[in-house]
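Hi,

Here is the structure I promised to pass on. Have a look at it first, and my notes follow underneath.

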Amino acid sequence: MRYVAAYLLAVLGGSPSPSSKDIKNILGSVGIEADDVRLDKVISELNGKDISEVMNSGLSKLCSVPAGGAVAVPVAAAAGGAAAAAPAAAEEKKEEKKEESEESDEDMGFGLFD
């Protein structure tokens, strides 16, 4: 990843086709010693390609990567049971939040407006 980042920095710096020396200078400026095999691999893969096109093709691949978020609800539960359980769960969370806020005042030994 560091080699790709250094390659992109060199391109942003005005070099449309950075050499291994350019990338080694960038990496060396932050104290990273470059591995020639990996560096040559990055240069051979990116040399002669438009970086904007490479990044856009990568973005389309990232669209299919799951990034966390909501948990999938099983189909059987979604049909009827989940609809009734959702409001009850929301009420429980509200009650817990109220209790926590009261307890937090007690933990400090004084109130905000005392």
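Is the crossing of H1 and H3 left-handed or right-handed? It is right-handed. Before you read on, keep in mind that this is a predicted model.

First, the overall picture. The protein chain has 6 helices and 0 strands, so to put it in order from the N terminus, the elements read α-α-α-α-α-α. Of its 114 residues, 11% count as buried. The accessible surface comes to about 9200 Å², and carbon and sulfur atoms account for 58% of that. As for contacts between residues at least 6 apart in sequence, 47% of them join residues at least 24 apart.

Now back to H1 and H3. Helix H1 covers residues 2-12, and its axis comes within 9 Å of the axis of H3, with the two crossing at roughly 50 degrees. An angle of 35 to 65 degrees falls in the oblique range, and H1 and H3 are therefore oblique to each other. On the H1 side, the contact is made by Tyr 3, Val 4 and Tyr 7; on the H3 side, by Arg 38, Leu 39, Val 42 and Leu 46. Sorted by class, the contact of H1 with H3 has 6 nonpolar residues, no polar ones and 1 charged.

H3 also packs against H2. Helix H2 spans residues 20-28 and helix H3 residues 36-46; their axes are 10 Å apart, at an angle of about 120 degrees. H2 and H3 are therefore oblique to each other as well, and H2 passes H3 in a right-handed crossing. Here Ser 20, Ile 23 and Lys 24 of H2 meet Asp 36, Leu 39 and Ile 43 of H3. The residues of this contact divide into 3 nonpolar, 1 polar and 2 charged. If you are colouring by contact, note that Leu 39 of H3 turns up in the contact with H1 and in the one with H2.

One last thing, at the start of the chain. Met 1 sits in the segment before H1. Is Met 1 buried or exposed? With a relative accessibility of 83%, Met 1 counts as exposed, because the cut-off for that is over 50%. Met 1 and Val 42 are 41 residues apart in sequence, yet their C-alpha atoms are 9.5 Å apart in space. Val 42 is also one of the H3 residues in the contact with H1.

Shout if anything looks odd on your side.

Cheers

Conventions:
Residues numbered from 1 in each chain as written. Predicted model: local features only at pLDDT ≥ 70, side-chain atom pairs only at ≥ 80, totals over all residues. Heavy atoms only, no water. Axes fitted to C-alpha atoms, helices over the stretch in contact; angles between N-to-C directions. Helix = DSSP H or I, 4+ residues; strand = E, 2+ residues; numbered from the N terminus. Parallel < 35°, antiparallel > 145°, perpendicular 65-115°, else oblique. Left-handed = near helix turned anticlockwise from the far one by under 90°. Contact = heavy atoms within 4.5 Å. Nonpolar A, V, L, I, M, F, W, Y, C, P; charged D, E, K, R; others polar. Buried < 20%, exposed > 50% of the residue type's maximum accessible area, 1.4 Å probe, protein only. Areas by Shrake-Rupley, 256 points an atom, 1.4 Å probe, with all protein chains shown as cover.
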